[in-house]
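Hi,

Here is the model I promised to pass on. Have a look at it first, and my notes follow underneath.

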Amino acid sequence: MSRDEIKQTIDDFLLLVEKGCGSTEENEARLKLLVDKLALAQHFATYKFDERDFAEAPRKAYQGLRKSVTAQFPNFGCYNVAEDVTQNVGEGKAIVSDALDDITDIANDLFEAKWCWENNSPEDGLWHFKFSFDSHWSNHLRELQVYLLNFERGS
């Protein structure tokens, strides 16, 4: 996946969560594709770290962004996730996660990466993309992938 394809995937995801791409069903199908593309993109997000002192990206207000996400995906809600999946195998318990929060958190980090890409440099944008994936939204993305699979199956 090229840098241009990574940037396009980020742009497409952010456009989807802010404006949608049609009906609720079309939005849901598009989200499933874009979440998978983001998972793939992180493998190709290589950069040369730039030591310059760049401006910080502005953060989107969580509530406003969540409102947009909720408008695009009104059928989504909470779901169960296994806690401590590598510890005490067979004795785990479920905790509650929220698909709308997952999408909102991913989008918020992608807005930051996009801003850095466009206002600082592509290297800085790729660094923010990869760092925020590794440190934050990878869990949201992976859990959301499972949720979307089960949601589509009706289970």
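Let me start with a residue at the surface: Thr46 is exposed, with a relative accessible area of 55%. It is a predicted model, by the way, so read everything below in that light. Thr46 sits in the loop between helix 2 and helix 3. If you set aside the neighbours within four places in sequence, Thr46 touches Arg3 and Leu126. For a sense of scale, Thr46 and Leu14 lie 32 residues apart in sequence, and their C-alpha atoms are 21 Å apart in space.

Now the overall picture. The protein chain has five helices and two strands, and from the N terminus the order is α-α-α-β-β-α-α. So the two strands follow each other in the middle of the run, with three helices ahead of them and two behind. The C-alpha trace spans about 45 × 40 × 30 Å along its principal axes. The radius of gyration is 16 Å, which agrees with the value near 15 Å for a compact globule, because that is what one would have with 155 residues. As for burial, 43% of the 155 residues count as buried. Among contacts with a separation of 6 or more, 76% are between residues 24 or more positions apart.

The helix packing I looked at is the pair of helix 2 and helix 5. Helix 2 covers residues 24–44 and helix 5 covers residues 122–153. What do their axes do? They pack at an angle of about 145° and are 10 Å apart, and the crossing is left-handed. From helix 2 the contact takes in Glu28, Leu31, Lys32, Val35, Asp36, Leu38, Ala39, Ala41, Gln42 and His43. Helix 5 brings Phe129, Lys130, Phe133, Trp137, Leu141, Arg142, Leu144, Gln145, Leu148, Phe151 and Glu152. By type, the residues of this contact come to 12 nonpolar, three polar and six charged.

While you are on helix 5, Ser135 is in it too. Ser135 is partly exposed, at 47% relative accessible area. Its C-alpha atom is separated by 17 Å from that of Cys116, and the two residues are 19 apart along the chain.

Then the salt bridges, of which the structure holds 13. Three of them are worth going through one at a time.

The first pair is Asp11 with Lys7, where the closest N and O atoms are 3.0 Å apart. Both are in helix 1 (residues 3–19), and because they are four residues apart there, about one helical turn separates them. How accessible are the two partners? Asp11 is partly exposed, with a relative accessible area of 21%, while Lys7 counts as buried at 12%. The cut-off for buried is under 20%, so Asp11 at 21% falls on the partly exposed side. Apart from neighbours within four places in sequence, Lys7 is in contact with Lys114, Trp117 and Glu118.

The second pair is Arg30 with Asp12, at 3.3 Å from N to O. This one links distant parts of the chain, with Arg30 in helix 2 and Asp12 in helix 1, 18 residues apart. Arg30 counts as partly exposed at 29% relative accessibility, whereas Asp12 is buried, with a relative accessible area of 17%.

The third pair is Arg59 with Asp109, and here the closest N and O atoms are 3.3 Å apart. Arg59 lies in the loop between helix 2 and helix 3 (62–72) and Asp109 in helix 4 (residues 99–119), so this bridge ties together parts that are 50 residues apart in sequence. Arg59 is partly exposed, with a relative accessible area of 46%, and Asp109 is buried, at 8%.

Finally, which residues are joined into one network by salt bridges that share partners? They are Lys7, Asp11, Lys114 and Glu118. That brings us back to Lys7 of helix 1, which has Lys114 and Glu118 among its contacts as well.

Cheers

Conventions
Residues numbered from 1 in each chain as written. Predicted model: local features only at pLDDT ≥ 70, side-chain atom pairs only at ≥ 80, totals over all residues. Heavy atoms only, no water. Axes fitted to C-alpha atoms, helices over the stretch in contact; angles between N-to-C directions. Left-handed = near helix turned anticlockwise from the far one by under 90°. Contact = heavy atoms within 4.5 Å. Nonpolar A, V, L, I, M, F, W, Y, C, P; charged D, E, K, R; others polar. Salt bridge = Lys/Arg side-chain N within 4 Å of Asp/Glu carboxyl O. Buried < 20%, exposed > 50% of the residue type's maximum accessible area, 1.4 Å probe, protein only. Rg over C-alpha atoms; globule rule 2.2 N^0.38 Å.
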